[in-house]
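Biologist: I am new to this structure and would like to know the reasons behind the labels people put on it. Could you walk me through them?

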Amino acid sequence: MALSDRLELVNPSEIRKLFDLAAGMEGLISLGIGEPDFDTPGNIKEYAKESLDRGMTHYGPNAGLPMLREAVARKFKNQNGIEADPKTEVMILTGANQAFLMGLATFLKDNEEVLIPSPAFVTYAPAVVLAGGKPVEVPTYEENEFRLSVDDLEKHVTEKTRALIINTPNNPTGSVLTKKDVEEIADFAVEHDLIIFSDEVYEHFVYDGVKNHSIASLDGMFERTITVNGFSKTFAMTGWRLGFVAAPAWIIEKMTRFQMYNSTCPVTFVQYAAAKALEDPRSWKAVEEMRNEYNRRRNLVWRRLNEMGLPTVKPKGAFYIFPRIKDTGLTDHQFSELMLEGAKVAVVPGSAFGKAGEGYIRISYATAYEKLEEAMDRMEKVLKEKKLV
């Protein structure tokens, strides 16, 4: 099947559809897009200016600047316990999203299956389709805090299964896999000879003493894992478009070849700024400040949703919360439309993230505390007026 044919199988993001509908709506409070409301820390912007002044405006290596790959390798070792050779096992991308299509293209054959825990980030399934594979949703459940279990995986693995995507902390549910979860998933991957994509872009936003565990740090797992990360969430650098991966050398070599004929290389002066940022304590102080504020917002939204009659698991990570709206009698799309039209609050239908998301909505609390208070007041008012809770 030609790529043009595969594109016909991929629908536009439900999130973008919602925000096209909301565009220009006066007084709207958006709790939809997963983007930090914080500005990029000032020291990082200064590094970008410095790099421009130094004339770093030319092409760089296809796999990324050596100075950034080396800084990323040190970050992986010190923060994640992952040993990766910066020359052959680390690559810089134009945003972390690239990792999925580019990584899948290095090994996936036509019609091979990729297990995707559901609800899941909207990029995963389309990337599998575009790479010629078949996405297989593996439902996760509210009773288990939406954490993926091996029991769930065993029900969906077949002789055609080639890979598994995990996302911890998770978008859209905010769930975080425990160390035991990760160890059991690693054993499952070895037993079925699977390659794992481990999406860890929210790793620094965890709460209540929870820790994120990188599956590639476990014995023997680096050789079958593509660890995906980026700067967008950690340092509030969404518009800078910069991601990175650690993976076995044979995968990095093929991904570099893909990037060579796609975007050529990531933006040079941005890479310089990111390399300096990773090793500047001021950057990490800013991350801690963001995490503390997200935690404050999380507590507010979780409390208010439960008080207004929308049962909600308290998320352990990221900056999303996933309330159940089934008891209102509305579908998740109907509920989202009601909030948009009646409360001028934009939330995302849970089914935008897969079949297991039906009956839920995703709320992003990456917006100002005062706006979140106002949004909760508006939502509660509409629910009471319509006698839905």
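Modeller: What follows is a short conversation about two buried residues and two pockets in this predicted model.

Biologist: Let's start with Glu 203. Why is Glu 203 called buried?

Modeller: Its relative accessibility is 8%, and buried means under 20%, so Glu 203 counts as buried. You will find Glu 203 in the loop between β6 (195–199) and β7 (225–230).

Biologist: What makes the pairing of Glu 203 and Asn 80 a polar contact?

Modeller: Their side chains are joined at 2.9 Å, and the cut-off for such a pair of N or O atoms is within 3.5 Å. The pair therefore falls inside the limit and is a polar contact.

Biologist: Which other residues does Glu 203 touch?

Modeller: Leaving out residues up to four places away in sequence, its contacts include Lys 75, Gln 79, Pro 169, Asn 212 and Asn 229, along with Asn 80. Gln 79 and Asn 212 are also among the residues nearest the centre of the second largest pocket.

Biologist: What is that second largest pocket like?

Modeller: It holds about 280 Å³ of space and has 15 lining residues. Two or more of these come from each of α4 (66–80) and α8 (179–191), and α8 gives the largest share, with 3 residues. By class, the lining has 3 nonpolar, 8 polar and 4 charged residues.

Biologist: And how much space lies in the largest pocket?

Modeller: About 1,300 Å³. Its lining has 50 residues, and those closest to the centre are Ser 13, Phe 121, Val 122, Thr 123 and Tyr 124. The largest share, 5 residues, is supplied by α6, and the lining divides into 26 nonpolar, 15 polar and 9 charged residues.

Biologist: Now for Asp 280. How do you know that Asp 280 is buried?

Modeller: The same kind of reasoning works here: Asp 280 has a relative accessible area of 6%, and the limit for buried is under 20%, so Asp 280 is buried. Asp 280 sits in the loop between α10 (268–278) and α11 (281–307).

Biologist: Which residues is Asp 280 in contact with, leaving aside neighbours within four places in sequence?

Modeller: Asn 43 and Tyr 47. In addition, Asp 280 and Ile 44 are 9.0 Å apart in space, C-alpha to C-alpha, although 236 residues separate them in sequence.

Biologist: What joins the side chains of Asp 280 and Arg 282?

Modeller: A polar contact of 2.8 Å. That value is within the 3.5 Å cut-off, so the pair earns the name.

Technical notes
Residues numbered from 1 in each chain as written. Predicted model: local features only at pLDDT ≥ 70, side-chain atom pairs only at ≥ 80, totals over all residues. Heavy atoms only, no water. 1 Å grid on protein atoms, 1.4 Å probe; cavity = no way out; pocket = protein on both sides within 12 Å on 5 of 7 lines; lining within 4 Å. Points joined across faces, edges and corners; volume = space filled by probe spheres on them. Helix = DSSP H or I, 4+ residues; strand = E, 2+ residues; numbered from the N terminus. Nonpolar A, V, L, I, M, F, W, Y, C, P; charged D, E, K, R; others polar. Buried < 20%, exposed > 50% of the residue type's maximum accessible area, 1.4 Å probe, protein only. Polar contact = N/O pair within 3.5 Å; in protein donor to acceptor, adjacent residues only side chain to side chain. Contact = heavy atoms within 4.5 Å.
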